[in-house]
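Here is a short report on one protein chain. Look through the sequence and the 3D view before reading on.

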Amino acid sequence: MILSSMVSLLMEGMITSIEIFLLTLLFSLPLGLLIAFGRMSKFTPLRLLMKVYISIMRGTPLMLQLIVVFFGPYYIFGMTLSPDYRFIAVIIAFSMNYAAYFAEIYRGGIEAIPRGQYEAAQVLGYGKVQTFFIIILPQVFRIILPSVTNEIITLVKDTSLSFVIAIPEMFTVAKQIAAADASIAALLVAGIFYYVFNVLVAFVMARLEKRYDYLS
């Protein structure tokens, strides 16, 4: 296969990878914050439930979670699923998995804020919601940015795991081309694409870290 055709096919797969990446962040970042709140809740059953959830999500392979989310509805409930569910299953599994990691990152950032800041906000007349979103969250965001950056870079590479349920993302397309051509050229080109994608993500996150340095 000529290089231009190979790159064109890989770009189509790259679009799917980017969709998985963006949708996972869209759902997992806010979900992770909610799970973090549950993990720190004074209501013991909720706190324990979130603790178990995080333990399961972090303690089992993402590939296994993809398989369970995709095949589970059929084998457990006998549901007939549409072809579109394949992509939906990827987003559900990725979002649930990454939300668990983000939840622990959020929790660490929130617990790193001195208690005196909450008390000072109360003296100034701020409510609990105002205190968190106006005073605490910006500081938490600065603290957790390096850890979030690491997870986001890992997510770029983890999109390749979608091949397990035959989603035509870039790695799947590269493997198909490599098998058809009996050459690893497509895999090497895919590796370059992943690297460039990660460099761009790292650049954006570095800019964000620099922007939030004023809170130091």
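Of the 56 residues in the largest nonpolar core, which touch the most other members? They are Leu10, Phe21, Phe94, Phe102 and Ile152. Keep in mind that this is a predicted model.

## The chain as a whole

The chain has 8 helices and 0 strands. Read from the N terminus, the elements run α-α-α-α-α-α-α-α. Along the principal axes, the C-alpha atoms fill a box of roughly 70 × 45 × 25 Å.

The chain holds 216 residues, and buried ones make up 39% of them. Now take the contacts between residues at least 6 apart in sequence. Of these, 76% join residues at least 24 apart.

## The nonpolar core

Which elements build the largest core? Those giving two or more residues to this core are α1, α2 (44-59), α3 (62-77), α4, α6, α7 (170-181) and α8 (185-211). Helix α4 provides the largest share, with 14 residues.

Ile152 gives a close-up of the core. This residue is among the five that touch the most other core members. Leave aside residues up to four places away in sequence. Ile152 then touches Phe21, Leu25, Phe102, Val201 and Met205. Two of these names, Phe21 and Phe102, also appear in the list that opened this report.

## How α1 meets α4

Two packed helices are described by the angle between their axes and the distance between the axes. Start with α1 (residues 3-39) and α4 (residues 85-111). They pack at an angle of about 45 degrees, and their axes are 5 Å apart. Why are they called oblique? An angle of 35 degrees or more is not under the cut-off for roughly parallel, and roughly perpendicular begins at 65. The α1 and α4 pair is therefore oblique.

The crossing of α1 and α4 is right-handed. Sorted by class, their contact has 20 nonpolar, 5 polar and 4 charged residues.

## How α4 meets α6

Helix α4 also packs with α6 (residues 128-158). Their axes come within 9 Å and cross at roughly 140 degrees. Helices α4 and α6 are therefore oblique to each other. Is the crossing left-handed or right-handed? Helix α4 passes α6 in a right-handed crossing.

Which residues make this contact? From α4 come Phe94, Tyr98, Tyr101, Phe102, Ile105, Tyr106, Gly109 and Ile110. From α6 come Phe132, Val140, Ile143, Ile144, Ser147, Val148, Glu151, Ile152, Thr154, Leu155 and Asp158. By class, that gives 14 nonpolar, 3 polar and 2 charged residues. Phe94, Phe102 and Ile152 are in this contact, and they are also among the residues that touch the most other core members.

## Val7 in helix α1

Val7 lies in helix α1. Is Val7 buried or partly exposed? Its relative accessibility is 27%, so Val7 counts as partly exposed. The cut-off for buried is under 20%.

Val7 touches Val189 and Phe193, not counting residues up to four places away in sequence. Compare that with Leu33. Val7 and Leu33 are 26 residues apart in sequence and 38 Å apart in space, C-alpha to C-alpha.

## A positive phi in a loop

Where is Ala166 found? This residue sits in the loop between α6 and α7. Its phi is near 60 degrees. That is a positive value in a residue other than glycine.

Terms used: Residues are numbered from 1 along each chain as its sequence is written. This is a predicted model: local features need pLDDT of at least 70, side-chain atom pairs count only at pLDDT 80 or more; totals for chains, interfaces and linings use all residues. Side-chain values use heavy atoms; hydrogens and water are left out. Axes are lines fitted to C-alpha atoms, for helices over the stretch in contact, and angles run from 0 to 180 degrees between N-to-C directions. Helices (H or I, at least four residues) and strands (E, at least two) are DSSP runs, numbered from the N terminus. Angles under 35 degrees count as roughly parallel, over 145 as roughly antiparallel, 65 to 115 as roughly perpendicular and the rest as oblique. A crossing is left-handed if the near helix is turned anticlockwise from the far one by less than a right angle, and right-handed if clockwise. Ala, Val, Leu, Ile, Met, Phe, Trp, Tyr, Cys and Pro count as nonpolar, Asp, Glu, Lys and Arg as charged, and the others, Gly among them, as polar. Contact means heavy atoms within 4.5 Å. A nonpolar core is a set of buried Ala, Val, Leu, Ile, Met, Phe, Trp, Tyr and Cys residues joined through side-chain atoms within 4.5 Å. Buried means under 20% relative accessible area, exposed over 50%, partly exposed in between (1.4 Å probe, protein chains only).
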